[in-house]
Every structure is written in structure tokens, then in C-alpha cells.
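This report concerns the salt bridges of one protein model. The sequence and structure are shown below.

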Amino acid sequence: MRFTLASFIKICLLSGSKQVSEVQKRYAITSGYDYYWTLYKAIAANAAGCEEDEVESILLSASNLSEAANNRAAYEVYLKRFGNKRTLSAVKKSVTRQFEDGIVEITFNPIFQTVEKSNSCIYSVWAMQTPPLEQSYAALACLMLRNAYRKTSLANSSFFFFDLVSDRIYSEKQITNSTSMVEKAELRKLAEIIRQVDN
């Protein structure tokens, strides 16, 4: 079963019964709609140097008022932090990694990067209102990003997970000795849920 990094972190943050429901929902829906696609596209466009009119057009293309309002609010948080960064650019390097014998597949798709003291800083974002992001799982996201890009041209970069809801940026500095154990436990648990739902 395929997840984005954010959707994987989301399912990790849910309680046991809600995790099962989330997996069941994914089986029931053959083609899901990405509520945050206009946000991701708008951030990427801004980072790539597109004009404000083009970014505005992307934000206005949301399918409903709630989506438009939430994505615009998240975009404004991004803009406040990075709108004037001279070294800002878009990242176009998606990678997919398989876990637990291919039962879990996660796509990593950072949106933008900056250069700080000659070091490339790569950012993925979190925009979900619920469940709220916890530091330990933001650290997990950073660890998984680092490992996913280990054998790529971004291997020497620093990876960040930007919470656009609370306006907080998490880095690899939040990774602890237990983060890798959390990763293994969560992947194992998710794979078992998928097996059970699939039977």
C-alpha cells in the first residue's frame, strides 16, 4: 500500500482503531483526492520564482472553500518564513522506498530548498490540522527523509519537516537514539494492519 511521507506520519499518530479505519478507507477508495495539492503546487511555484498571479491562480483552483481557506492559511505561514529567501528554489526529486517486504511503500517528495552556509536544506511540509504533529514523529519524518535520499544527489543535504499548522520547523537535530526503533515499530505495525485488512 502506497503512502506519502505525510500520510504515513498521519497514520502513525492515530490510535489503533483509527489506524485500521484509515487502511480500510484506502482500500475502499481506488483513486484518492489530495486535499493539499494546491498548497504543494503553490509552494513549489513560489520557490521556483513564479509570479504572484500564477501562485494565486493555483490557490484559487481548490475544489471547495474549506480546502481553499486551509491551504491559503498554510501557504501564508510558508511565505512568512521563506518568501524573501534569496537562495530559495523548488525541489524536483521524488523517490519511493519500500518497507516490510514491499507491503508498505512510501513516496518522499520534498517541495523546496534553501542554501545556508553552503549547505543545502531540503524541506517537506505538514499541513494537516488533525491529528496534531508531535515532535517525535516529526523527527521520524526527518530520519526517513535522510535515509530515503542517502544514495542520491541530495545525500549531503540537511532535511527538515515544516509544520505549517503550528509554524514550527523540525530538523534532524530532533532525532534521538529511539527514533529508528520507532520507525521499525510503526512500519511493522502498519504492515500487519494491511495484511489483516487484505485478508
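Relative accessible area sorts residues into three classes: buried means under 20%, exposed over 50%, and partly exposed in between. Lys 25, at 42% relative accessibility, therefore counts as partly exposed. The model is predicted.

The count of salt bridges comes to 10. Three of them are set out here.

| Basic residue | Acidic residue | Closest N and O atoms |
|---|---|---|
| Arg 2 | Glu 105 | 2.5 Å |
| Lys 25 | Glu 22 | 3.5 Å |
| Lys 189 | Glu 186 | 3.4 Å |

**A pair between strands.** Arg 2 forms a salt bridge with Glu 105. Arg 2 belongs to strand β1 (residues 2–4) and Glu 105 to strand β4 (residues 104–108), so this pair ties together parts that are 103 residues apart in sequence. Arg 2 is exposed, at a relative accessible area of 52%, whereas Glu 105 is buried at 15% relative accessibility.

**Pairs within helices.** Helix α2 (residues 16–28) holds both Lys 25 and Glu 22, which are 3 residues apart, about one turn of the helix. Glu 22 has 12% relative accessibility and counts as buried, while its partner Lys 25 is partly exposed.

In helix α7 (residues 179–198), Lys 189 and Glu 186 are likewise 3 residues apart, a separation of about one helical turn. Lys 189 is partly exposed, at 38% relative accessibility; Glu 186, at 7%, is buried. Elsewhere, Lys 10, Glu 22 and Lys 25 are joined into one network by salt bridges that share partners.

Methods:
Residues are numbered from 1 along each chain as its sequence is written. This is a predicted model: local features need pLDDT of at least 70, side-chain atom pairs count only at pLDDT 80 or more; totals for chains, interfaces and linings use all residues. Side-chain values use heavy atoms; hydrogens and water are left out. A salt bridge is a side-chain nitrogen of Lys or Arg within 4 Å of a carboxyl oxygen of Asp or Glu. Helices (H or I, at least four residues) and strands (E, at least two) are DSSP runs, numbered from the N terminus. Buried means under 20% relative accessible area, exposed over 50%, partly exposed in between (1.4 Å probe, protein chains only).
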